[in-house]
Amino acid sequence: MKNRNILSIKKLAVLGICVSFVAGGCGKMTESSIPELEEPVALNEAYRPVEYGTIGSIQVLMATAVLRDYCNYYNANVNISQIYVEPGDTVNEGDVLAVCDVDEAKEQLQECQAALAHENETYEISAQISDTQIKMWENQAAQQDNNEHNKMDTADGAMDDAYEINTDTNIDERAADMGEFSTEQTEKNESTDEDYNKQIATEQENQRYDKQLHEYRVQKINEQIALYQQLVDDGTLKAAHSGLVTYTKKLTEGRSAAAYENIVIVSDTDDLVLDIKDTAINEYKYSDYDKKYVIVDGEKYDVTESQYTSEVLVLSKINNRYPDVCVESREKPFLTAGQMYPVYFEKTKADHTLVVGKDSVYKDGDTRYVYVKNDEGGREKRIITTGESDENYTQVTEGLKEGELVYYNSTDQVPTKYSKYTVTRSDFDIANYGVSCSRSDAGTITETCDYEGQIVSVNVKQDDTVEKGMLLYVVDTGEGKAAITEAKNAIDSENESYAQKIADYNKQIKELSEESNSADYDKQVKDLYEENNRQDEKPDTAYDEQQLKLNLQLLDLQKKLAGADHTYQLSRLQSAYDSISAGNDGKGNISVYAKNDGKVSKVSVKVGDNVEEGADILQITGNSTDVLQVLVKDSNNYKVYTDNIADVGERVSLELDGTTIYGNCIGFAGYGRQAQRGYINQDDKGVHITGNTDSGYGNAAFYIKLDNGIPDDLTRASAVKFSYVSFKKVVVVPTSIIHKQVNPMDKDDISYYVWKIDGDSVVKQPVILSDYTSGSDTLVLYGIDEGDEICLAS
């Protein structure tokens, strides 16, 4: 809602300065190396005391207190008949929020049931076809083995005759010849068997895959059947949680709702969380920081990040849509909806240790030393032992005591003439404005034309009361008759195609049957062998008869599969034909009837108008409400942040003829540049990504309720005022006391500091600023606190 609630990643590079956590500080300086015995030179004397502090780093992110949302949606595609609630309504868990079109759900259920029956039938037939094909290959393999066995017998007899004639041939030669023939024949047989086995193995693997695919399809169809059966039994959508209705789908943009599309969002007004907006859990880099806390009304509260389940993380990665980072405190500080709170993430290297600024430390080889102010006001060189360091401070383990004044090299002019500014905590606000507001009517539905054509009649007028089923208008599509004819032709084409397939199958079956019943079948088989020069083989008609039967069985199964597909496709085409014919007089004139009760609030067409598909025809509205819809768009009179809306629960005000009327934001409609907002919801059925549809307003939009109701004349209202930025009890200082420092080695390395009065010394204190300035003031997030004294140039 408030896109400015996080310091941008780019800005964090500036604001995420590693600042040590001590009362005093220094600007970001690198260690400098000077020749031994050479005294450091500054523009004027600059000392700071040695203090106890923490070496580490800090990051600051902005969080907004928001109500915890509960999404309400259907698990299947539906058409919404009516939504019974509006933003601002209070509901209890289990209350009916909306109802879907049960007749539509019945049609979807019937389609799913038909799809399941078709899936089961075609799978069974396909499995039989596959089994038959395997049997054919097995039969062919057996026939091949039998034929080769006969060949071996014939060859053996021929060789016996030959050797009886040629008595000079010895037994070894005969054995060698027989072995050579046998090896050659065996290799040929093995090659043929391998081909058949490979085909059979491939088909068996396909069978396993087809079974898994079939089971998956059946599972998914059954899930859809269960969903639609539930809608048919009870098409109501009931509140998953008690609370305030803060969003409803606008039926002005259409009745259809996709599975997991938010129909209603209910927010818990008693359960606020700190949402670090415009972050995403896949980019969040601060989970391993040692300390995490939030400042609420000047007080520190430890926080922890909300944990997301592995299922949420997986779904987020798959869809590349990640939820915001949210933090909560066990201490439950009082939070105000819409208020912003800085959240601090600290990483510690050394805690409660003596520290000096890095710009005070000099080095000579491995030796580290500083210059300490002595009793005479001069400075003396002292060797020290150092430990951990961050970007601003160095830990001192030996050589210094708390309170000693250490010189630091400042190239900036330390102020000598100044007045003291004492830091206080105060509120910090930047206003935003909605410059267009109007009364929101409950349940407004826009009837849009589903066809291109010409309006024949408009059967209602503005302010008419309508009931479900009443004739609203008639449109001449000009193509209505053609559409019906086209649907009828599709049915005829399917019938013709099926008839041709069956005729082809019947012809093949007849030919095979006649061949099988022929009295000369044995002779035909023998002739076939002779034609193929296989006179030496002994035909085995049993294998051929089995192959013939399997061919007939295969054709019969393919015929049954074609019949199952035809029946299913024909039912779908007939359903489409019935849908096109509904309300169509056969000449292209289509009558449209009211789907809900209501009152005609607007008629956009008249008889004779030509309309495009999707054109607005009229609007039907329920009862008026006491809710105002506010649009955030550019204005010549106000500074408007057009990508920002008020947060639910936030106090707002309406400017009316110089009078201020107060109220609350009670819901939202549109996000401006962010057309659709996504949510990740986890329930007993799993994890789902849900989303809101684009409001269609083209601008960010939200809803408000005024404390004393809507004024009679809204034309006198100039703007609705709400917060763009809102903090309570934070450090706000004049912008003039903040100084900018640019690293000469890296111009993109920019930091900020103030001159802090520390006893008799003036020291440079680094600070972390927010993105926000208001007039002559700047919000400071870290580095100084209430009671600190700062130099204000005089």
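**Close-up views of charged side chains in a predicted model**

**View 1. Arginine 382 and its salt-bridge partner.** At 21% relative accessibility, arginine 382 counts as partly exposed, because that value falls within the partly exposed class rather than under the 20% that defines buried. In this predicted model, the side chain of arginine 382 meets that of glutamate 404 in a salt bridge, with 2.9 Å from N to O. The two residues link distant parts of the chain, 22 residues apart, with arginine 382 in strand β17 (residues 379–389) and glutamate 404 in the loop between β18 (393–398) and β19 (405–407). Glutamate 404, for its part, has a relative accessible area of 16% and is therefore buried.

**View 2. Aspartate 427 and lysine 728.** A salt bridge of 3.5 Å, N to O, joins the side chains of aspartate 427 and lysine 728. Because aspartate 427 belongs to strand β21 (residues 425–434) and lysine 728 to strand β37 (residues 717–734), the pair ties together parts that are 301 residues apart in sequence. Aspartate 427 is partly exposed, at 43% relative accessibility, and lysine 728 is also partly exposed, with a relative accessible area of 35%.

**View 3. Aspartate 707 and arginine 651.** The closest N and O atoms of aspartate 707 and arginine 651 are 3.0 Å apart, and the two residues form a salt bridge. This pair again links distant parts of the chain, 56 residues apart, since aspartate 707 sits in the loop between β36 (700–706) and β37, whereas arginine 651 is in strand β32 (residues 651–656). Aspartate 707 counts as partly exposed at 44% relative accessibility, and arginine 651 is likewise partly exposed, with a relative accessible area of 45%.

**View 4. A network of salt bridges.** Arg68, Asp271, Glu328 and Lys332 are joined into one network by salt bridges that share partners. The structure as a whole holds 27 salt bridges.

**View 5. A patch of negative charge on the surface.** Asp450, Glu452, Glu612 and Glu613 gather on the surface in a patch of negative charge. One of these residues, aspartate 450, is placed in the loop between β23 (445–448) and β24 (453–458), and with a relative accessibility of 52% aspartate 450 counts as exposed.

**View 6. The chain that surrounds these sites.** The secondary structure of the chain comes to seven helices and 42 strands, and 44% of its 794 residues count as buried. About 40,800 Å² of the chain is exposed, with carbon and sulfur atoms supplying 45% of that area. Among contacts between residues at least 6 apart in sequence, 80% join residues at least 24 apart.

Definitions and conventions: Residues numbered from 1 in each chain as written. Predicted model: local features only at pLDDT ≥ 70, side-chain atom pairs only at ≥ 80, totals over all residues. Heavy atoms only, no water. Patch = residues over 30% accessible without salt bridge, like charges linked within 9 Å, V, L, I, M, F, W, Y side chains within 5 Å. Areas by Shrake-Rupley, 256 points an atom, 1.4 Å probe, with all protein chains shown as cover. Salt bridge = Lys/Arg side-chain N within 4 Å of Asp/Glu carboxyl O. Lys, Arg positive; Asp, Glu negative; His and termini not counted. Charge placed at Lys NZ, Arg CZ, Asp CG, Glu CD. Helix = DSSP H or I, 4+ residues; strand = E, 2+ residues; numbered from the N terminus. Buried < 20%, exposed > 50% of the residue type's maximum accessible area, 1.4 Å probe, protein only. Contact = heavy atoms within 4.5 Å.
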